[in-house]
Amino acid sequence: MRLLLKPALSRSWRDSETLQFGTVRQYAGVVERADRARCDFLGLLDGTRDRPALLAAGERAGLGREPTGALLDELERTGLLDDAEAAGRALARFPQPHRELLGPDLASLSLVHSAPGAAPAVLGRRTDHRVEVRGAGRVGAAIAAVLAAAGTGAVTVTDTGRVRPADCSPAGLPPGEVGRLRSTAARDAVRRASARRTAPSTRRPSARDLDLVVLAPRDGSGAFAGGAAEARELLRAGVPHLYVGVVEEFGVVGPLVVPGVSACGHCLVLAREDEDPAWPRILAQLADEGPGRARTPACDTGLATAVAGLAALHAQVYLDGGRPPSLDGWCELSAVDGMPRRLRLKGHPDCGCLWQPQPPG
Ligand SMILES: [Zn+2]
């Protein structure tokens, strides 16, 4: 392990002998008694030395072996150290142009996962993640591109038909793609986002091989946990899935369903039905190509981009081992005021998705 001070952190003096790493006070790490000798020692934490070499260097600089060890422990406890060797190994798993693009992502991960080497381990694991995005509209294509850019190993996008102007957004499919097959255009968006020289594999992994499916149908029904048959299949296969969509002026991220662990999309439909008995009937018609559909479906570019970004972030947090607020809940965003809200979702008693099997006998 070759230790370095996290390059993501700014440095500023709180007073003449207190050095602050990081900007926001409640998250910042502080080195006290930062005299010349300690500052010179901090300069050695550049990722070229392991702990024994640093202890020897501290001793040579007159800091003393034990105080140097105590300083290193304090820096690690405060979350200021990372492992340059692990970072190099993690980035080596990506092709060169993508490696450079991922620098700020790894820097961000180093602040979220604080132990030395933890962030590179998370980034390295992303190369093993397989995500399928269903729907290549303004929301779905953007989610796929963001996940690919963030280092997700395999991002496939499924959809039918050809790109229409309403599918385009700066974060997903550009206007020049109008008329191409949606599946091809989305695959190219994924390739561009991850700076790959060759197109990603077109082979669609089987559902059981997927770590996450993002349900972002172009009709926006993902905003209301539509697609009951598809969701049942994913529940049966034990595949985690995240509902996302924009309908009219309203965007939704969640629920994120981990089968058998968190409340599912049908729980949400039942909860809405408790408030509005006609809801299932309206939801079914939303998914139909019937005469009641809006002639120009609304999808604000800013709202769709925000919803896609939030959904991609929730997917990443989940795949990286965290617990995003779309688990047992969902987040709403309205184009009226741009104010995000988080709502709680309990397992509905009539759903049964969280029933535990009874022990035999
Ligand atoms: Zn349920």
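Tutor: A crossing is right-handed if the near helix is turned clockwise from the far one by less than a right angle. In this predicted model, α8 passes α9 in such a right-handed crossing.

Student: What makes α8 and α9 roughly parallel to each other?

Tutor: Helix α8 (residues 140-149) and helix α9 (residues 182-193) pack at an angle of about 30 degrees. Angles under 35 degrees count as roughly parallel, therefore α8 and α9 are described that way. Their axes are 8 Å apart.

Student: Which residues meet there, in α8 and in α9?

Tutor: Ala144, Ala145, Ala148 and Ala149 in α8 meet Ala189, Val190 and Ala193 in α9. The contact divides into 7 nonpolar residues, no polar and no charged.

Student: Why are α6 and α7 called oblique to each other?

Tutor: The axes of α6 (residues 103-112) and α7 (residues 118-126) cross at roughly 125 degrees. Roughly perpendicular covers 65 to 115 degrees, and roughly antiparallel needs over 145. The angle of α6 and α7 fits neither range, so the pair is oblique. The crossing of α6 and α7 is right-handed. On the α6 side the contact is made by Leu106, Leu109 and Ser110, and on the α7 side by Ala119, Pro120, Val122, Leu123 and Arg126.

Student: Why is Cys331 not in a disulfide?

Tutor: A disulfide needs two cysteine sulfur atoms within 2.5 Å. The closest cysteine sulfur to that of Cys331 is in Cys267, 17 Å away, which is too far for a bond. The count of disulfides comes to 0.

Student: What makes Cys331 and Cys264 buried?

Tutor: Buried means under 20% relative accessible area. Cys331 has 9%, so Cys331 is buried. Cys264 has 1%, so Cys264 is buried.

Conventions. Residues numbered from 1 in each chain as written. Predicted model: local features only at pLDDT ≥ 70, side-chain atom pairs only at ≥ 80, totals over all residues. Heavy atoms only, no water. Axes fitted to C-alpha atoms, helices over the stretch in contact; angles between N-to-C directions. Helix = DSSP H or I, 4+ residues; strand = E, 2+ residues; numbered from the N terminus. Contact = heavy atoms within 4.5 Å. Buried < 20%, exposed > 50% of the residue type's maximum accessible area, 1.4 Å probe, protein only. Nonpolar A, V, L, I, M, F, W, Y, C, P; charged D, E, K, R; others polar.
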